[in-house]
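Reader: I have a chain in front of me and would like to learn how to read it. Can we go through it step by step?

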Amino acid sequence: MFDDAKKFGLNAGVTVPFRGQAGISSTMSFVQKEASEMKDFEINHLQSAGYFI
């Protein structure tokens, strides 16, 4: 999967898990072309958003 993403120019990102009702789960991925280190607070905000969805 990572090799395929790189073919499309996607070099960095984070995936946030979502847990819904009745045991249903899904994920949402945020990607970017430039490889840069995400800051902890940025990842925490994305994870918090998953909690409220």
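**Reading the model**

Author: Buried residues make up 11% of the 53 residues in the protein. Keep in mind that this is a predicted model.

Reader: In what order do the elements of the protein run from the N terminus on?

Author: The secondary structure comes to 2 helices and 2 strands. Read from the N terminus on, the order of these elements is α-β-β-α.

Reader: Is the protein compact or spread out, going by its radius of gyration?

Author: For 53 residues the globule rule gives 10 Å, and the radius of gyration of the protein is 13 Å, well over that value. The C-alpha atoms fill a box of roughly 35 × 25 × 10 Å along the principal axes. The radius exceeds what the rule gives, so the protein, set against a compact globule, is more spread out.

Reader: How do β1 and β2 run, and how many bridges join them?

Author: Strand β1 covers residues 12–19, and strand β2 covers residues 25–32. The two form a hairpin with 5 residues between them. They run antiparallel, and the number of bridges joining them is 8.

Reader: Which residue in β2 is the bridge partner of Thr15?

Author: Thr15 is on the uncovered face of β1, together with Gly13, Pro17 and Arg19. Its bridge partner in β2 is Ser29.

Reader: Which residue in β2 does Val16 stand opposite?

Author: Val16 belongs to the covered face of β1, along with Ala12, Val14 and Phe18. Across from Val16 in β2 stands Met28.

Reader: Which residue in the turn of the hairpin has a positive phi?

Author: The turn belongs to the hairpin that β1 and β2 form. The phi in question is about 60°, and the residue is Ala22.

Reader: Does Gly23 count as buried or exposed?

Author: Gly23 lies in the loop between β1 and β2. A residue counts as exposed if its relative accessible area is over 50%. Gly23 has a relative accessibility of 70%, so it counts as exposed.

Reader: What distance separates the C-alpha atoms of Gly23 and Glu42?

Author: Along the chain, Gly23 and Glu42 are 19 residues apart. In space, their C-alpha atoms are separated by 27 Å.

Reader: How far apart are the mean positions of the positive and negative charges?

Author: The protein has 5 positive and 6 negative charges. A mean position is taken for each set, and the two mean positions are apart by 5 Å.

Technical notes. Residues numbered from 1 in each chain as written. Predicted model: local features only at pLDDT ≥ 70, side-chain atom pairs only at ≥ 80, totals over all residues. Heavy atoms only, no water. Buried < 20%, exposed > 50% of the residue type's maximum accessible area, 1.4 Å probe, protein only. Helix = DSSP H or I, 4+ residues; strand = E, 2+ residues; numbered from the N terminus. Pairing = 2+ DSSP bridges. Rg over C-alpha atoms; globule rule 2.2 N^0.38 Å. Lys, Arg positive; Asp, Glu negative; His and termini not counted. Charge placed at Lys NZ, Arg CZ, Asp CG, Glu CD.
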